[in-house]
Amino acid sequence: METSLELDVLIFPDEVRVASPVDLLEWELETASQLSRPSVRLFVALYPYNPAAMSPNYDTAAEELPFVPGQIIKVIGDKDSDGFYHGESGGLSGYVPSNMVAEIPVDDDYLKHLLMQQGFLPVDHTGMSLTPDNTSDAGSIPDVAIVRRMVALFDYDPWESSPNVDSDAELGFRSGDIIYVLGDMDQDGFYYGDLCGRRGLVPSNFLQPLPWD
């Protein structure tokens, strides 16, 4: 008579081994912790904010986060009854007024990491109509806060093909590369893009939008 024995196996960085009861308990606790952890959302500041001079809450202004336009703020959780989020940016943390920021609608963890590394959205806000976060409707989020994913249609070597004198600020790529574009196209027809951690200007006529799904 044959008997079968089912064993739990865990893959570790340096080996694969049969999981002990302690391993399984630690794995279950870590999984539960990740599931219960509030989702991280990214916002971009639309206006400058100095709590000491601008906060409506004089007694708690020291607990609020100062910021400048374009600054990216990491937010955990929902806004409170006073209309404030709790956010982090530039090594500081504090409360953030929701009517002075807009959410960046991105769910990709890698892209969130890139944006946090960047720290700012490199966009000129002059003359643009920006909508504060007064509603959760994604349609109210200004285009300046949207991150797009694009695919390169052709190879591009700035040293050979660039129409600009200062080609050092541009990003070279190959056909088929996936490029994350931050902000809107500038007056010269270039986006600011990220390709595997390399950042620079990319010509819009060499790219095609690529849906997230």
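Colleague: Is Ala169 buried, partly exposed or exposed?

Modeller: In this predicted model, Ala169 sits in the loop between α4 (158-161) and β9 (178-182). Leaving out residues up to four places away in sequence, Ala169 touches Gly200 and Leu201. Because buried means under 20% relative accessible area and exposed means over 50%, the value of 36% makes Ala169 partly exposed.

Colleague: How far apart in space are Ala169 and Arg199, C-alpha to C-alpha?

Modeller: Arg199 belongs to the stretch 198-203, which is strand β11, whereas Ala169 is placed in the loop between α4 and β9. The two residues are 30 residues apart in sequence, and their C-alpha to C-alpha distance in space is 8.6 Å.

Colleague: Which residue is the bridge partner of Tyr191 in β11?

Modeller: Strand β10 (residues 190-195) and strand β11 (residues 198-203) run antiparallel and are joined by 6 bridges. They form a hairpin with 2 residues between them, and Cys196 in the turn has a positive phi of about 55°. Within this pairing, the partner of Tyr191 is Val202.

Colleague: Which strands stand at the edges of the open sheet of 5 strands?

Modeller: The strand order in this sheet is β6-β5-β4-β3-β7, with antiparallel pairing. A strand that has a single partner is left without a neighbour in the sheet on one side, and so the edges are held by β6 (92-97) and β7 (101-104).

Colleague: By how much are neighbouring strands of this sheet turned against each other on average?

Modeller: The pairing throughout the order β6-β5-β4-β3-β7 is antiparallel. With direction ignored, the average turn between neighbouring strands is 40°.

Colleague: Which residue in β7 does Ala45 stand opposite?

Modeller: The strands concerned are β3 and β7, which pair in the antiparallel sense over 4 bridges. In this pairing, the residue of β7 that stands opposite Ala45 is Val101.

Colleague: At about what angle to β3 does helix α3 run?

Modeller: Helix α3 covers residues 109-118 and lies across β3, β4 and β7. Two of those strands, β3 and β7, pair over 4 bridges. Relative to β3, the helix runs at about 40°.

Colleague: Why do the buried residues of α3 line one face of the helix?

Modeller: The buried residues of α3 are Leu111, Lys112, Leu114 and Leu115. The face turned away from this buried side carries the exposed residues Asp109 and Gln117. The buried residues line one face because, seen down the axis of α3, they fall within an arc of 160°.

Colleague: Which residue just after α3 takes a positive phi?

Modeller: Helix α3 spans residues 109-118, and the residue in question comes just after the helix. With a positive phi of about 85°, that residue is Gly119.

Colleague: Is the aromatic pair of Phe43 and Tyr85 stacked, tilted or edge-to-face?

Modeller: A search of the whole structure finds 6 aromatic pairs, and in the one formed by Phe43 and Tyr85 the rings are 4.7 Å apart, centre to centre. Phe43 lies in strand β3 (residues 40-45) and Tyr85 in strand β5 (residues 84-89), so the pair ties together parts that are 42 residues apart in sequence. Phe43 is buried at a relative accessible area of 0%, and Tyr85 is buried at 4%. Because planes under 30 degrees apart count as stacked and those over 60 as edge-to-face, the angle of 45° between the planes makes this pair tilted.

Colleague: Which residues do ring pairs link into a cluster?

Modeller: The search of the whole structure for aromatic pairs finds 6 of them. Ring pairs link into a cluster the residues Phe154, Tyr156, Phe173 and Phe206.

Colleague: With which residue does the side chain of Ser89 make a polar contact of 2.8 Å?

Modeller: Ser89 is placed in strand β5, and its relative accessibility of 9% counts as buried. Leaving aside neighbours within four places in sequence, Ser89 is in contact with residues including Leu65, Ile72 and Ile73. The polar contact of 2.8 Å joins the side chain of Ser89 to that of Gln71.

Colleague: What percentage of the residues of the protein count as buried?

Modeller: The protein has 4 helices and 12 strands. Among contacts with a separation of 6 or more, residues 24 or more positions apart account for 57%. Of the 213 residues, the share that counts as buried is 37%.

Conventions. Residues are numbered from 1 along each chain as its sequence is written. This is a predicted model: local features need pLDDT of at least 70, side-chain atom pairs count only at pLDDT 80 or more; totals for chains, interfaces and linings use all residues. Side-chain values use heavy atoms; hydrogens and water are left out. Rings of Phe, Tyr and Trp (its six-membered ring) pair if their centres lie within 6.5 Å; planes under 30 degrees apart count as stacked, over 60 as edge-to-face and the rest as tilted. Buried means under 20% relative accessible area, exposed over 50%, partly exposed in between (1.4 Å probe, protein chains only). A polar contact is a pair of N or O atoms within 3.5 Å; within protein, one must be able to donate a hydrogen and the other to accept it, and residues adjacent in sequence count only if both atoms are side-chain atoms. Contact means heavy atoms within 4.5 Å. Two strands pair if DSSP finds at least two bridges between them. Axes are lines fitted to C-alpha atoms, for helices over the stretch in contact, and angles run from 0 to 180 degrees between N-to-C directions. The arc is that of the directions from the helix axis to the C-beta atoms.
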